[in-house]
2 protein chains.
Amino acid sequence: MTPTASAPPPALPEGGLRVTALGGIGEVGRNMTVFEHEGKLLIVDCGVLFPEDDSPGVDLILPDFGAIENRLDDVEAVVLTHGHEDHIGAVPFLLRLRPDLPVVGSKFTLALLAAKCKEHRQDPVLIEVAEGQHSKHGVFDLEFFAVNHSIPDALAVAIRTSAGVVLHTGDIKLDQLPLDGRLTDLAGFSRLGDEGVDLFLVDSTNAEVPGFVTPEREIGPVLDRVIGKATQRLIVACFASHVHRVQQVLDVAETHGRKVCFVGRSMVRNMGIANDLGILRVPPGLLVELDEALAMPEHLVLFVSTGSQGEPLSALSRMARGEHKQIRIRAGDTVVLASSLIPGNETAVFGVVNGLVRLGADVVHQGGAKVHVSGHASAGELLYLYNAVRPSNVMPVHGEWRHLRANAELARLTGVAAERVVIAEDGVVVDLVDGIAKVTGRVEVGHVYVDGLSVGDVGESTLSDRLVLGEGGFISITVAVEAATGRAVSSPTISGRGFSDDPKALDDVVPLVEMELARTESEGIADTHRIAQAVRRVVGKWVADKYRRRPMIVPNVLPVSS
Amino acid sequence: MTPTASAPPPALPEGGLRVTALGGIGEVGRNMTVFEHEGKLLIVDCGVLFPEDDSPGVDLILPDFGAIENRLDDVEAVVLTHGHEDHIGAVPFLLRLRPDLPVVGSKFTLALLAAKCKEHRQDPVLIEVAEGQHSKHGVFDLEFFAVNHSIPDALAVAIRTSAGVVLHTGDIKLDQLPLDGRLTDLAGFSRLGDEGVDLFLVDSTNAEVPGFVTPEREIGPVLDRVIGKATQRLIVACFASHVHRVQQVLDVAETHGRKVCFVGRSMVRNMGIANDLGILRVPPGLLVELDEALAMPEHLVLFVSTGSQGEPLSALSRMARGEHKQIRIRAGDTVVLASSLIPGNETAVFGVVNGLVRLGADVVHQGGAKVHVSGHASAGELLYLYNAVRPSNVMPVHGEWRHLRANAELARLTGVAAERVVIAEDGVVVDLVDGIAKVTGRVEVGHVYVDGLSVGDVGESTLSDRLVLGEGGFISITVAVEAATGRAVSSPTISGRGFSDDPKALDDVVPLVEMELARTESEGIADTHRIAQAVRRVVGKWVADKYRRRPMIVPNVLPVSS
């Protein structure tokens, strides 16, 4: 089951289709799948991954474009299934390499992408499509299907080539009572299944979760109860792209006579776009600007805010720390986190909850009330998908290993032959030839880090240094030596950062280094690298013995000519 | 509700009882509560907190003994409610300050403490007690009650003084069918309630969780199913102090004809102690040593291992990474995580799960099977406690703010007057005077960090440096200047660690610094601190403009006399 392929794949047989994920399989984030047929490429999604503890200081992680960077002219199009960051966030970085790459997606998806590209000063070629439509890009014949997810206007895409029919769900769930009435097109999937689906790429995120996702509309009454009870300040935090969630908040706010104020740059921007496109219905006069909201009686306003993941710089985090300039949380205020708890963010989110509770706020979150439902199909829904599509081959996508494996098991339960369920991971090459999908090789994919303004210059060596520095700080030893002889011409200067608060902690180091310098001089060592090595060794041993710690030891040996 | 007291408390009125938590309230970990009466002190628990992201490189966090360090001779005893690290782990550090401090606890608790103290080369004064017993320590008259928790031999303690009766639950749940038949003594609590409990300190950990904790014994049949199905290698990971969980694993292993091998230093040690004390019943011949286990056919052995929290150095993590020397996980092996997922450890634990699944193992964890139950009372059980004890005053302990507040609400629901429910946090002083508990002040408590061999020298300044270094690395600029004039006598040496993998990333810095040194020299600046400041400023500005990053800038300006 584990993809053991480690060598590059052989040439793709004529008429075959090659599928390679450059991101998104074996992880949740930076989704990007490349389809190859008759020498041409089609990309589905191009998103970012948000870094965790093992990549400190990094802003974003991109898919590794390395495998296709010499073939960008062969790319017919990039298809975006929906507008979440983990599906569109890396597009501007891809467009830097080929600005005229056509980008295909639904109206709302493209509107979000356009706003993002504008910040990057890019003007991409956009091709708008909708469910039920077909579009042809070279050898790739596409058909789009409506899909329900936690953002409006999501699509699944069928890719027809002479190799067969591929269906990619994108991110999907099967809410049977969606707020906007736009159902996941199970009927369309069934029709495609009748035709025959050769390879089915399926969202794995919730494959481990039994049963079915509660309909989004069941959140409305819960919000109504919580919001109706609030008598003071009221803040609802949720994802900035979850238009239907925000819609429910607006509706409830109106019922209870509260104006609504959007807080957070992405919330203001996205809801503006959704409003312009008619996806968000805003009752006239409901919205107020921040200044206006702050001047109103507290019980007449509802703030809809970002920061639901405990982002330290968000308005909500600042309120929780009592550091927000304009909004001071008082006993009896209400804060609703109408959002999921993305794995890895637990400590940050509960930090915000504890801060708010400490200030006396009533905090309502999914732990205690049904104020959030997932956007991804649970196991029960995935079974419906498999039974509708009846695919010959299955490739679980969008998930960590535990999710992929659980999804594979569901496919098998519905009758897909075990050997026709292909678990891949980033870089693993899957070829569909003569109706059979198989792992045939592996291309190198790494993590590409964005830190500040530059892409890719922060790599594994920098990150491993950061991990060492973050755990133990450093001790630097600076000494000037006579270039010709290696004789120390100054007393060593010792400084430690991130090592100890005790100003005397490094007092032993000067005599220790002086002794070592005397030794190197006596042995006639003048090479500054060798002197530095000797200094590193004695200081490293001293700190390990005395403190049992491992700070980075940084000797600076400066040759001066006298 | 928020304790606003910021000043030290006034003198304790004659006959009053003062309660101050030096750790454990407003956090989960390093529990330590100090009771003061007639000038004497009693300490309940003295544990450690395991650090999170905000204290990088730290091994342990201790309660801050500062508030009592000048009064250690007034301490009558330290009472330990049970043997978990967050209740006993800091005792050796307290004993360093006063080695003859009597330590009171149950047989198993003291056996675990003795093993710990032995590692610290300490020989503490131990006073063994059991449920139903009384012991008197100066002005403090203690009575002990059996309590059910996720470790054997836990106790609640009633503290009688002339100020009234205090009951401290320790960590508690109310399993009504405990494996060892040792129920939480609700009848005893009721009897104490009849007498009148003036202040009730109550475990808050699961106060947000509705309902009741499933009995521990329901895990047995689940383990039986999982273990009975396994046909290859089988590993069960759980907490090293959870004797009853291990007991169930041993029983099931015997049923299915597997020998058992303990893996992990603390597992081997604790189960040895439990076996010696007759708390763990080991069928003769069931246990095998690691060498023996590795030589046996895989389907005849079961490994009981530590590492359930994803600790990177544990045997289980090494197996998941494919780096364990002796145990290679293969497709079809079974790994059971019979443990909770401690908040903050999610990423590490799921990293281990994904690694094992990737290698083909079937991983069973509490997400998909009932292989763990909590050791802390849920809301339903806490209601039973309040209704049995009927306290006049309540003080929620052992929890973050969200837990404390939920627990306070439960107390109020059972009829405790709102103003008699005191939510404190570490350092907040609560005085019980004339039957009324009130916040009267605050003493300073900080975080005391253990890093390697030393205690307390790593403080907030070191940690904030580590956070900066961990996020952005550093750029150091070393230059030798003529002491008298400030003239540079060497070209600047630039080195960056944790900044960039690109060897040319800092190429611009040398000319930049040379220009700045020319400027400082031309202005007659010879003071090395001022030169260093100037260098830090220009390099900091350059890196912010060019990279939009914030590495630490470390100038070393070395005066040489020529």
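The exercises below, with worked solutions, concern the domains, cavities and chain interface of a predicted model.

**Exercise 1. Domains of chain A**

Task: State which residue ranges form each domain of chain A, and how far apart the C-alpha centres of domain 1 and domain 2 lie.

Solution:
- Step 1. The domain assignment of chain A puts residues 19-211 + 374-443 in domain 1.
- Step 2. Residues 216-364 make up domain 2, and residues 460-560 make up domain 3.
- Step 3. Between the C-alpha centres of domain 1 of chain A and domain 2 of chain A the distance is 31 Å.

**Exercise 2. Contact between domain 1 and domain 2 of chain A**

Task: Describe the contact between domain 1 of chain A and domain 2 of chain A by residues and by buried area.

Solution:
- Step 1. Count the residues: 16 of domain 1 of chain A touch 16 of domain 2 of chain A.
- Step 2. Take the area: the two domains bury about 1,500 Å² between them, and carbon and sulfur atoms carry 63% of it.
- Step 3. Find the main contributors: A:F108, A:P152 and A:L179 give 35% of the area that domain 1 of chain A buries against domain 2 of chain A, more than any other three residues.

**Exercise 3. Polar and charged pairs between these domains**

Task: Find how many salt bridges and polar contacts join domain 1 of chain A to domain 2 of chain A.

Solution:
- Step 1. The rule gives 2 salt bridges across this interface.
- Step 2. A salt bridge links A:E119 and A:R269, with 3.1 Å between the closest N and O atoms; this meets the cut-off, which is within 4 Å.
- Step 3. For polar contact the count is 7 residue pairs between the two domains, both residues at pLDDT 80 or more.
- Step 4. Sorted by class, the face of domain 1 of chain A towards domain 2 of chain A holds 9 nonpolar, 2 polar and 5 charged residues.

**Exercise 4. Cavities**

Task: Report how many cavities of 30 Å³ or more the whole structure has, and characterise the largest.

Solution:
- Step 1. The search returns 6 cavities of 30 Å³ or more.
- Step 2. The volume of the largest cavity is about 90 Å³.
- Step 3. The largest cavity is lined by 14 residues, of which A:N31, A:T33, A:H87, A:H168 and A:V397 are closest to its centre.
- Step 4. Its lining divides into 4 nonpolar, 8 polar and 2 charged residues.

**Exercise 5. The interface of chain A and chain B**

Task: Characterise the interface of chain A and chain B by contacts, area and salt bridges.

Solution:
- Step 1. On chain A, 68 residues are in contact with 68 residues of chain B.
- Step 2. The two chains bury about 5,600 Å² between them, with 49% from carbon and sulfur atoms.
- Step 3. Salt bridges between the chains number 10.
- Step 4. A:D451 and B:R549 pair in a salt bridge, with an N to O distance of 3.6 Å.
- Step 5. Polar contact joins 40 residue pairs across the interface, both residues at pLDDT 80 or more.

Terms used. Residues are numbered from 1 along each chain as its sequence is written. Chains are lettered from A and ligands numbered from 1 in the order in which they are written. This is a predicted model: local features need pLDDT of at least 70, side-chain atom pairs count only at pLDDT 80 or more; totals for chains, interfaces and linings use all residues. Side-chain values use heavy atoms; hydrogens and water are left out. Domain bounds come from an automatic or database domain assignment. Contact means heavy atoms within 4.5 Å. Buried area is the accessible area (1.4 Å probe) that two parts lose on being put together, summed over both. A salt bridge is a side-chain nitrogen of Lys or Arg within 4 Å of a carboxyl oxygen of Asp or Glu. A polar contact is a pair of N or O atoms within 3.5 Å; within protein, one must be able to donate a hydrogen and the other to accept it, and residues adjacent in sequence count only if both atoms are side-chain atoms. Ala, Val, Leu, Ile, Met, Phe, Trp, Tyr, Cys and Pro count as nonpolar, Asp, Glu, Lys and Arg as charged, and the others, Gly among them, as polar. On a 1 Å grid over the protein atoms alone, a cavity is a set of points where a 1.4 Å probe fits but cannot get out, and a pocket is an open set with protein on both sides within 12 Å along at least five of seven lines; lining residues have an atom within 4 Å of a point. Grid points are joined across faces, edges and corners, and a volume is the space filled by probe spheres set on the points.
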